[in-house]
Amino acid sequence: MKVVDYFEKANGETLISFEVLPPLKGGGMQAIFDTLDPLMEFKPPFIDVTYHREEYIYKKQDSGYYEKTAIRKRPGTVGICASIMHRYGVDAVPHLICGGFTKEDTENVLIDLNFLNIQNVLALRGDARKFDGKFIPEPEGHNFASDLVAQVHSMNNGNYLDTLIENGAKTDFCIGVAGYPEKHFESPSFETDLNFTKKKIDEGGNYIVTQMFFENKHYFNYVKQCRAVGIDVPIVPGLKPITKKYQLNSLARMFYIDLPEELVKAVMGAKNSAAVKEVGIEWCIHQSKELKKSGVPCLHYYTMGDPDTIKRIAEAVF
Ligand code: FAD
């Protein structure tokens with residue numbers, strides 16, 4: 001079933017969903033099951049699986065010189081989605097990115113997903129590879145998520161890249177896109193970013209999942225601004241609890257988000273790592289309860305392989 005149909009069916013009730021990361025190459029499905037098994041009692045209708053493109057690493061050669069090599073550290077998104085659907089009977093939402101994909105690669109993945117009866121995708125651009133400095137698309141790939149959305153939408157209308165295909169089977173993907181309550185870091189202004197997000201919806205996006213935020217006012221303002229420019233799709237807040245002190249800096253640096261002074265002080269003042277975790281959990285519970293009370297369609301938790309923390313939060317909120 002499509003993600004937006006779950007929202008429709010919920011009739012105003014707030015749903016819960018989770019995001020998982022593929023294990024590092026060499027790991028097995030058990031890592032995913034260990035994360036999800038304890039969370040399934042909360043009945044998430046769908047689970048997102050992230051996609052990770054190749055990264056450059058420098059390998060030391062016998063000569064002593066370093067060679068730049070591209071490797072994919074976390075492959076397996078599509079297989080993991082199929083496995084989740086098989087084990088739990090819930091929908092899986094693979095993240096699909098522009099980076100590393102030609103349009104034809106994308107088309108072939110969409111065909112596979114369709115054959116697997118995967119009806120949802122989250123369409124993203126992906127970040128720049130480390131050492132690239134800026135996002136570089138494949139020569140025959142997409143520059144922006146809106147172009148990827150347009151391709152998925154086009155297949156939903158039975159149009160394939162090969163124009164010789166007549167009466168191509170129409171896919172029926174529900175398309176999610178990313179949104180940034182505190183603006184995407186590359187965008188010169190909040191308004192510019194908002195207009196490009198609108199483009200993703202105009203091209204066929206059906207719902208938005210937000211970047212994490214630690215103050216609900218960012219989400220509420222974002223929804224207001226989206227509605228003002230005519231974005232009328234469901235907007236799902238993405239949430240992640242702080243569990244370690246270093247995340248105060250790493251989350252701010254990696255995701256270009258602000259952390260409120262009250263949270264920063266509480267984490268800094270925590271006596272030990274267990275106390276830091278308690279602060280993070282309590283903060284996320286408070287955020288979740290307020291968002292739920294305001295009638296958000298779904299609370300989407302970034303699990304980061306830590307089911308115990310997410311379970312504590314879900315128990316307090318649902
Ligand atoms: P876009 O919507 O294409 O926007 C990228 C930038 O370009 C923005 O600054 C935007 O304002 C600008 N822009 C858009 N269109 C145009 C245009 N036509 N002309 C000029 N500028 C334009 N990354 C992964 O690699 N794998 C994942 O699984 C993953 N999952 C994510 C899940 C969520 C919920 C979120 C919020 C992010 C996720 N990301 C993931 C990170 C994401 O790929 C990065 O944030 C990336 O930098 C931007 O992706 P986007 O889809 O928002 O890009």
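**Close-up 1. Polar contacts between the ligand and the side chains of Ser-187, His-184 and His-95 in the predicted model.** In this predicted model, a polar atom in the side chain of Ser-187 lies 3.5 Å from an oxygen atom of the ligand. The side chain of His-184 also takes part, with an N or O atom placed 2.7 Å from an oxygen atom of the ligand, and for a polar side-chain atom of His-95 the distance to a ligand oxygen is 2.8 Å. On its own the ligand has 970 Å² of accessible area, and the protein covers 85% of it.

**Close-up 2. The shell of residues around the ligand.** The ligand is surrounded by 23 residues, of which Tyr-51, Asp-127, Tyr-180, His-184 and Lys-200 are the closest. When these residues are sorted by class, the shell has 11 nonpolar, 7 polar and 5 charged residues. At least two residues of the shell come from each of the strands β5 (91–97), β6 (120–124) and β8 (207–210), and likewise from the helix α6 (190–202). Helix α6 gives the most to this shell, with 3 residues.

**Close-up 3. The salt bridge between Glu-186 and Arg-125.** The structure holds 14 salt bridges, and in the one shown here the side chains of Glu-186 and Arg-125 meet with a distance of 2.7 Å from N to O. Glu-186 belongs to the loop between β7 (174–179) and α6, whereas Arg-125 belongs to the loop between β6 and α5 (145–156), so the pair ties together parts that are 61 residues apart in sequence.

**Close-up 4. Positive phi values at Phe-131 and Met-304.** Most residues other than glycine have a negative phi. Phe-131, however, has a positive phi near 80°, and this residue lies in the loop between β6 and α5. Met-304 has a positive phi as well, near 45°, and is found in the loop between β11 (298–302) and α11 (307–317).

**Close-up 5. The second largest pocket and its lining.** This pocket has a volume of about 190 Å³. Met-304, whose positive phi appears in the previous view, is one of the residues that line the pocket, and others among them are Val-20, Leu-21, Arg-74, Thr-303, Gly-305 and Pro-307. Helix α2 (residues 30–36) gives the most to the lining, with 3 residues. Sorted by class, the lining of this pocket has 8 nonpolar, 3 polar and 1 charged residues.

Notes:
Residues numbered from 1 in each chain as written. Predicted model: local features only at pLDDT ≥ 70, side-chain atom pairs only at ≥ 80, totals over all residues. Heavy atoms only, no water. 1 Å grid on protein atoms, 1.4 Å probe; cavity = no way out; pocket = protein on both sides within 12 Å on 5 of 7 lines; lining within 4 Å. Points joined across faces, edges and corners; volume = space filled by probe spheres on them. Helix = DSSP H or I, 4+ residues; strand = E, 2+ residues; numbered from the N terminus. Nonpolar A, V, L, I, M, F, W, Y, C, P; charged D, E, K, R; others polar. Near = heavy atom within 4 Å. Polar contact = N/O pair within 3.5 Å; in protein donor to acceptor, adjacent residues only side chain to side chain. Areas by Shrake-Rupley, 256 points an atom, 1.4 Å probe, with all protein chains shown as cover. Salt bridge = Lys/Arg side-chain N within 4 Å of Asp/Glu carboxyl O.
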